[in-house]
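Let's take a friendly walk through this model and see how its chains meet. A single residue makes a handy starting point, and the interfaces follow from there.

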Amino acid sequence: MERLTDIIALVGEETVRAIAGLIGVLIVVVVNAILLTWAERKVAGHMQRRIGPKEVGPYGLIQPFADTFKLLAKELLVPKDVAKPLYHLAPILIFIPVLVSFIVIPFDAQLQVKDINMGILVILAFSSLSVFSILIAGWGSHNKYSLIGAVRSVAQNIAYEIPLLLSLLAVIFMANSFSLKDIVEAQKGLWFVFYQPIAFLIFFVAGVAETNRTPFDLPEAESELVAGFHTEYSSMQFALFFLAEYTNIFIVSAIATTFFLGGYSGPVLPGIIWFFVKTYGLVFVILWFRWTFPRVRFDQLLNFSWKILIPLSFINLLVTGGILKI
Amino acid sequence: MTLGELIFIFLLFVTFCGALTTVIARSLIYALVGLVATMFGIAGLYIYLNAPFIAMMQILIYVGAVAILIVFAIMLAGPFYKKPTEWSKVTKFLVSLIIALFTYLLFMRIILHSFLGGQDTAFMITTKDIGRSLFDKLTFPFELVSLLIVVSIIGALMLAIFSKDRK
Amino acid sequence: MTDMLLYNNLYIYLFVSLFLLCCGIGGLLFRRTLIGMLICLELIMNGAGLNLVAFNRFLAPQAPYGMVFTLFIMGIAAAEVAIALALIIVIFRRFKHIEAEELKELKE
């Protein structure tokens, strides 16, 4: 024990906290990916009145490991005419916003890697980097279908980024701070979902569209464009895109929990259990959407964002500002 | 060499390499990747200048909007079938030499002897101050910029719509 | 003592913004397509913004005017890129290329 305090005194408490936080973040990312892979197939199966995978391990719990081993053992196939720097850079770039977002999310009152003063701005700024990496992936693949899928995905992403920002801005008005911990602390009385139900709905719909999930998954639908912008990627790089998408689902749910559902606050159990219960509840709703709604046509999708969601979030913002300051 | 200085040198390196890539790269997409790298480097430098809000706004606005707009324009109107005639290598070298000479004269002779050194205060300007000054003393430029953005949106729309019926 | 650190000096930021300005000017001269020139113009604007924030932090740290003007520069740059790209697309539709050298005629 003295060696531990010696090391902490030598390196500085901030560094130890940062390293421990990063290890924790990596564990959460990996466990979340495994859990979501299993849960997706099980939930899909039960919603279609069949059982999902049940052979490999009890209730199919070892199935994600089997899937991962199969995926990693595949050959890393690089087509001939790709633009090599761009092609290899894209899967790495798409993972950076996800990891950065984990740094500011408060899992519990003390379990936050670093409480940055502009927490939500960090998350929003870096989520625009993932849009750029989708474009690079589509361009570098030297494939018409990849390019079309990438352009569609980017058009959808930038269209739904605006209602996302505006609905979060209404909550920031109420809590008076950008930092995520202050926003959770400001919900000690009543959760923000009761003050701002419209903002919650807008944020949730825009978040589902941002992560390219059904009903907004035209860019990567299997019957439409082969597989969209990650057509030409195999084995480890495809696993990275896949991992980034599932972790994005977790992050969107985590932000919705922090902003609208009270974060880690709850009556009896420790905060972190409440956080995971609420977040995985929203993740289950997103998984539920996939097998309930049909896919939206692309022009309907863009119309919905530009003509309905943006005016609605502006009106919400005006009403919030008016009520708060008058 | 503290850790802060090492990270600062890394950010300077990223900015320089990005700027050079933007100028030298042959294909336009590589120039854009260089521009994005430069913007990230500058955002890091803004954090060292006690301006975290400006750093995040830089990434949001430039990387999130302007860079993507330029990529769309490259895809729609890019120079793919006709290689542009650029200057020869000798001309480029001479022009670079003239620009480097200009930089040297400007920096070493004029700038280094002009200012009385830097003031080292630990003053943190909060977002609240920026917002307050935007609506207090600088309301007029703020409204003008919003008018400018509306005018540019309308202009871009008119240009795009009215040039279409040439078929 | 903290004045000896590399990043607490005004001159390094002035040098970086001057470097960006000169790379932008060089790029404007070297690139022959309109979009290439636009990309280098963005470099120049970034350099100007860095200059303003550096002066704000070192010579006038009480007021946020440098940062606010950098925000204005970002807004103006975004609006200008939008119009410039609309113009470039119109030129492409008319002339089928965007080389600056060949755009010599005013009329048909």
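In this predicted model, Glu161(A) is buried, because its relative accessible area of 9% falls under 20%. Glu161(A) sits in helix H7 of chain A. Which residues is Glu161(A) in contact with, leaving aside its neighbours within four places in sequence? They are Ser128(A), Val131(A), Glu210(A) and, from the other chain, Leu60(B). There is also a long step in sequence to look at here: Ala209(A) is 48 residues away from Glu161(A) along the chain, while their C-alpha atoms are 9.0 Å apart in space.

**Where chain A meets chain B**

The contact with Leu60(B) takes us across to chain B. On the chain A side 23 residues take part, and on the chain B side 21 residues. Met118(A), Phe132(A) and Trp139(A) together supply 30% of the area that chain A buries against chain B, more than any other three residues. Helices H4 (84-93), H6 (119-140) and H7 (144-175) of chain A each bring at least two residues to this side. H6(A) gives the largest share, with twelve residues. Sorted by class, the side of chain A that touches chain B holds 21 nonpolar residues, one polar and one charged.

**Where chain B meets chain C**

Two pairs of chains are in contact, and chains B and C share the most contacts. Here 85 residues of chain B touch 77 residues of chain C. Six helices of chain B give two or more residues each to this interface, listed by the following ranges: H1 (3-24), H2 (28-48), H3 (52-77), H4 (89-111), H5 (127-136) and H6 (139-162). The side of chain B that touches chain C divides into 56 nonpolar, 19 polar and ten charged residues.

**The two interfaces in a table**

| Property | Chains A and B | Chains B and C |
|---|---|---|
| Buried area | about 1900 Å² | about 7400 Å² |
| Share from carbon and sulfur atoms | 90% | 77% |
| Salt bridges | zero | zero |
| Residue pairs in polar contact (both at pLDDT 80 or more) | zero | seven |

**And chains A and C?**

How far apart are the closest C-alpha atoms of chain A and chain C? They lie 15 Å apart, and no contact joins the two chains. Chain B, by comparison, is in contact with chain A and also with chain C.

How values were computed: Residues numbered from 1 in each chain as written. Chains lettered and ligands numbered in written order. Predicted model: local features only at pLDDT ≥ 70, side-chain atom pairs only at ≥ 80, totals over all residues. Heavy atoms only, no water. Contact = heavy atoms within 4.5 Å. Buried area = accessible area lost by both parts, 1.4 Å probe. Salt bridge = Lys/Arg side-chain N within 4 Å of Asp/Glu carboxyl O. Polar contact = N/O pair within 3.5 Å; in protein donor to acceptor, adjacent residues only side chain to side chain. Helix = DSSP H or I, 4+ residues; strand = E, 2+ residues; numbered from the N terminus. Nonpolar A, V, L, I, M, F, W, Y, C, P; charged D, E, K, R; others polar. Buried < 20%, exposed > 50% of the residue type's maximum accessible area, 1.4 Å probe, protein only.
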